[in-house]
Amino acid sequence: MGAFFRLQWSGILVGIIAGGIALALSAPAFLSEFNLFVLLRSICVSLLVAYAQMVMLGVGQMNLSVGALGGLVAVVTGGLMDALGVPTLPAIMIGVAAGGAAGFVNGWLTVRTGINGFIVTLATASAFAGINLGITKAVPFYNLPADFVAFGNGRVGLFPLLLIVPLLVTVVLALFFARAVPGRHMLAVGGNAPAAQLSGVSVPRAIISAHVLSGLLAAVAGVLAVAQLGSAQPTIGSDWLLISFAAPIIGGASLAGGAISIVGTLLAVVLIGLIQNAMVLVKVDPYWVQFLLGALILAAVWFNRYRAIKVGEI
Amino acid sequence: MALTVDKASKSFPGVRALKDASLELRSGEVHALMGENGAGKSTLIKIITGVHRPDGGRLLLDGQDVLFASPRDAIRLGISAVHQERNLIPRFSVAENILLENLPRRTGLVDYARANAEAKKYLEMIGLVVDTRTEVRHLSVAQMQMVEIAKALSHEAKVLLLDEPTASLTGEEADALFALVQRLKAQGAAILFVSHKLEEVLAISDRVTVLRDGETTLIGEPMANMTRGRLIEAMIGRAERIAVVRPPKAATGAVKLEASGVATAAGHRDISFTVRRGEILGLYGLVGAGRTELARALVGKDKLSGGTLSIDGKPAVIRSVEEALKRHRIGYLSEDRKYEGVVLLHPIRFNVAMTIWDRLARFLGFQTAAGERRATEPFARQLEIRTPSLEQSVGNLSGGNQQKVSLAKWLAAKVDLLIIDEPTVGIDIKTKAYIHELIGKLADDGLAILLISSELPEMVALADRILVMHEFRIVDGFDNDRSYEAMSRKVMGAIHRRSDEAVAVE
Amino acid sequence: MTSALDAEPRPSSASAMDPAPRRTLTSLLLRGSTQAGLFVILVVLWVVFANLAPGFLSKFNLNSLLRSVAVDIVVGFAQMVVLATGGMNLSVGAIGVCAVMFSGYLMQVLGLPIPVAIAGTLALGALLGWLNGFAIVKTGVNSFVVTLASASLFSGGMLILTKAVPLNGLPAEFGAFGKSAVGPAIGSMPAIPSLAVVALAIGLGLYVLFKHSTLGRQILAVGANARAAEMSGIPVDRTIVFVHALSGALAAAAALMLTARLAAAMPAVAGDDWLLPSFLAPVIGGTALSGGIVSVVGTILGALLVSTIRSGLLVLEIGNFWLPLFLGAFLLAAILVERGRAAYVAREQARRA
């Protein structure tokens with residue numbers, strides 16, 4: 001039990017299990033195949049959004065443009081398919097590449113101008129949202145290829161097809177941060193940038209790479225959101241800011257950088273999804289979700305500090 | 001491989017850190033770089049390792065001009081350094097820290113099995129026994145220091161720079177390090193050993209270069225020709241040796257602060273002493289002896305875990321620095337000038353007035369810049385702070401003038417007891433002498449002073465009584481008879497009685 | 001003023017060092033302050049917009065511009081006071097919506113007199129801000145995380161309580177105040193909207209706070225170097241709690257002004273929409289994200305700049321949709337130009353030294 005308690009995400013897992021049991025007992029619909037499918041599908045986009053921010057926290061920076069960037073990629077991809085008739089796969093690839101490029105702009109501006117990354121991404125968030133609105137005039141792209149929309153709604157049993165993407169990304173990210181040299185260098189820069197620099201690690205390169213990776217992840221999230229909704233809504237991404245920070249922070253990431261947990265982030269997204277699902281099942285005012293999310297962040301931060309003190313890390 | 005620095009200069013805003021400094025380092029030698037705190041040793045090292053670019057002068061490697069854009073360039077050419085700052089990634093394993101920029105990989109991924117094996121090889125070289133998979137944040141300070149040395153070794157460095165490597169090591173650990181240095185030397189490495197501990201330097205170095213106020217006063221002198229006296233003279237200059245500024249005096253003023261049996265979470269046990277008005281009580285000890293930590297507890301920054309304080313004869317509990325200042329009239333001049341002493345962003349008048357804003361405030365807390373100027377000007381003048389105006393940002397002042405601003409703040413506060421922590425570290429000789437004189441005058445005017453210093457000459461020149469702190473305890477105390485030799489023997493005796501560590505002190 | 005504390009050397013000493021300064025327009029501009037630079041940019045923009053679109057200087061457009069900029073200025077202040085300590089308040093918008101609905105509740109549902117309702121609303125804002133500050137100081141958690149969470153708590157709580165139903169039956173006088181103006185209209189110039197007067201009055205109060213009071217100095221000391229401030233006997237924790245309470249009260253003030261302007265209490269008017277403007281105005285105006293430097297005048301000019309661009313683009317019919325792109329690009333450009341100017345000044349000084 002002591003070893004379990006030492007794990008940063010132990011509290012979240014307990015929360016998920018307890019919440020799941022309570023829900024199963026109080027709302028029988030919870031365990032229905034369709035409900036579990038809905039729950040899992042709701043997690044897909046959130047997870048990628050959370051990873052997009054987690055990567056930035058890893059290198060000790062923030063990306064306030066995660067939502068605007070994802071929204072822009074969503075309408076670019078949708079626009080390519082609808083207005084220009086580009087086939088599904090090339091459209092997705094162009095969209096994701098655009099996300100990477102937008103991330104590069106964020107990183108390049110942060111590193112080259114020396115302006116705080118918070119302000120840079122606040123500004124580019126506005127710029128990306130402006131391009132989004134300028135392209136769409138606030139009108140969604142509806143006319144999407146059938147195979148693409150089918151993928152967004154398809155399922156095998158209770159597993160949505162969409163889930164393949166975030167699961168794949170989770171494995172790749174876990175490997176990247178645990179074993180790949182660029183991933184280790186990002187965490188080194190987040191953990192102690194001057195030390196990393198003195199050891200010959202290129203700090204600007206690590207920061208720009210993190211921004212590009214964050215942009216790619218937000219872009220994939222945007223594409224998935226389009227597939228899930230069946231249309232490229234210009235509002236995609238406008239409500240991502242909170243969850244993008246909430247999940248990694250609840251999962252144990254530190255704003256100071258260098259400390260992130262993929263398992264923690266994954267579990268936090270599941271927990272948040274569970275709460276949203278519960279609100280629907282027990283027919284509570286959906287506004288409670290927002291309230292509880294705020295409370296959850298505070299509780300998690302407090303619990304992490306308490307745990308760190310108990311375990312003797314502080 | 002030979003490394004030559006030819007007349008390097010470097011300035012920072014408000015400070016000239018190096019002026020035409022030269023150094024010549026050959027392979028197969030241990031070369032000492034000496035100088036007092038703030039003489040420019042660290043700046044020179046940072047130029048050699050590519051952290052700073054010099055404003056002027058040349059850097060040559062085997063006679064070839066080189067220019068480093070970043071530390072990476074220096075490492076590639078075989079120059080590695082162990083810096084004073086902790087330069088490890090806290091959440092990374094020992095192995096990964098050692099091999100950070102050169103992690104072994106297999107099919108593109110880090111091969112941790114090989115990394116651990118390789119790191120172990122370097123740990124064995126320096127005789128450090130820890131699991132290479134431990135995260136470094138769980139190591140002791142000394143272990144971290146050894147890991148940093150292992151890291152430098154892993155670069156296969158031909159030039160190795162050790163910046164105060166023994167500052168946090170025990171005698172045994174230091175001996176192991178010296179043995180390692182000798183082995184590396186035998187293998188043909190060029191080792192630059194930075195220290196201000198004379199005994200160490202005399203024991204292990206072949207040649208020595210000395211910096212004073214950013215200039216090299218000795219360049220590559222063979223150690224065989226050196227004596228303690230010549231080294232000290234080169235470091236501080238004969239003419240500027242601290243003159244005894246205070247005649248011995250018996251303390252007669254009222255007791256301001258009495259500590260009895262004080263203990264702290266930092267590790268202090270059974271600390272008892274009294275300070276009287278008009279007296280300078282010296283608290284001497286090596287770096288890490290626990291002097292600053294005691295001062296912080298006394299002014300309410302950290303909590304006492306045992307014992308009692310009495311102030312002006314009444315029992316007192318100090319919960320915050322604010323309370324120490326406002327209720328008990330005790331101030332603390334921090335050793336960490338840049339981070340705790342002054343606010344670099346703001347003007348001189350703002351900094352000096354910080355402790356007296358309450359007093360300057362008129363109706364509802366209103367006050368003006370003009371009011372601040374009027375209140376602070378006498379102190380700026382008294383301390384001869386050199387500046388065109390009190391509106392100058394403190395960040396634009398030299399280190400000496402910044403220290404004067406920090407002092408002025410406490411003079412303005414009109415405290416009864418001032419705890420002064422390493423007041424002359426990194427300060428030019430003239431200002432240093434001035435500050436010494438001032439401290440003496442303040443005591444003569446009736447201020448109680450607790451002076452913390454690791455410079456024995458400073459202690460001998462100023463203190464009326466000297467307490468010796470070692471490993472968070474007060475191990476001895478005696479009246480100061482103003483004889484450097486006698487005091488040095490007593491102090492060293494007190495420290496050596498408490499431990500068998502080879503302690504070398506100027 | 002350069003900052004709340006004019007830290008620049010006196011002009012007299014500067015000219016003593018430099019007996020024959022080149023008084024070209026560019027060198028003057030380059031050497032001036034951030035605020036002077038902003039002012040010039042503003043004037044240029046006004047001239048351009050006035051020439052391109054005659055409607056820009058119409059009485060109607062100027063009046064609506066001034067009424068909306070008044071709210072943006074106070075929103076900027078709410079962020080600025082926290083930035084001064086080196087912190088952030090992401091819950092400015094959430095406190096704003098809570099205050100909007102609370103003021104409506106006090107006036108419409110409880111039927112309290114307007115002054116009482118205003119006082120109650122400001123108190124609620126201060127209380128919510130105080131909670132932020134208290135949580136930050138007690139837990140030692142970063143202000144970003146705490147206010148991100150509390151923003152969600154506050155706006156979630158407000159929506160649960162109000163069910164997002166707007167309150168449209170506010171007292172007529174309240175809405176009238178939002179439309180009223182002070183002084184006579186001169187030619188095509190409209191009279192000054194009362195809301196703009198309120199914003200300026202609040203600005204004056206903050207100017208006095210930072211320039212002429214103990215508390216203001218403590219805030220700037222904490223922001224510039226919290227450790228040095230604490231070691232000089234300044235109550236750092238109390239100061240941080242105070243600025244958060246002040247930030248909450250200012251957000252509530254902005255909310256009251258907005259409610260008066262719209263003559264209705266609607267839950268969807270602030271929230272996330274305030275995040276960008278709250279940072280834009282102070283940061284463009286020269287307030288440092290790292291703390292210790294604020295500029296009240298700069299924040300006013302920054303808000304004016306944002307509103308001018310918005311209004312100008314609308315009058316030019318470039319379209320509402322591209323507006324955020326211009327705002328984002330302009331923010332970056334403004335900061336870059338300012339950095340270039342500061343670097344130029346530093347180089348000049350180094351060369352003369």
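Start in chain B of this predicted model. Select helix 9, residues 291–298. This helix lies across strand 15 (280–284), strand 18, strand 19, strand 20 (448–453) and strand 21 (465–470) of chain B. Look along strand 19 of chain B: helix 9 runs at about 150° to that strand.

Next, add helix 16 of chain B, residues 429–444. Helix 16 lies across strand 15, strand 19 and strand 20 of chain B. Its direction is at about 150° to strand 20 of chain B.

Now hide the helices and look at the sheet. In what order do the six strands of the open sheet in chain B come? The order is 18-19-20-15-21-22, and the pairing is mixed. Strands of a sheet pair through backbone hydrogen bonds, either parallel or antiparallel.

Go to the edges. Select strand 18 (330–333) and strand 22 (473–479) of chain B. Each has a single partner strand, so one side of each is left without a neighbour in the sheet. Turn the view and follow the twist, which averages 20° from one strand to the next.

Zoom in on strand 18 of chain B and its partner, strand 19 (residues 417–421) of chain B. The two run parallel, joined by four bridges. Pick B:Ile330: opposite stands B:Leu417, in strand 19 of chain B.

Last stop: show chain C with chain B. How many residues does the contact take from each chain? Chain C gives 26 residues and chain B gives 31 residues. On the chain C side, select helix 10 (214–224) and helix 11 (226–231), which each supply at least two residues. Helix 10 of chain C gives the most, with seven residues. Colour this side of chain C by class: there are twelve nonpolar, nine polar and five charged residues.

Methods
Residues are numbered from 1 along each chain as its sequence is written. Chains are lettered from A and ligands numbered from 1 in the order in which they are written. This is a predicted model: local features need pLDDT of at least 70, side-chain atom pairs count only at pLDDT 80 or more; totals for chains, interfaces and linings use all residues. Two strands pair if DSSP finds at least two bridges between them. Axes are lines fitted to C-alpha atoms, for helices over the stretch in contact, and angles run from 0 to 180 degrees between N-to-C directions. Two residues are in contact if their C-beta atoms, placed from the backbone, lie within 7 Å. Ala, Val, Leu, Ile, Met, Phe, Trp, Tyr, Cys and Pro count as nonpolar, Asp, Glu, Lys and Arg as charged, and the others, Gly among them, as polar.
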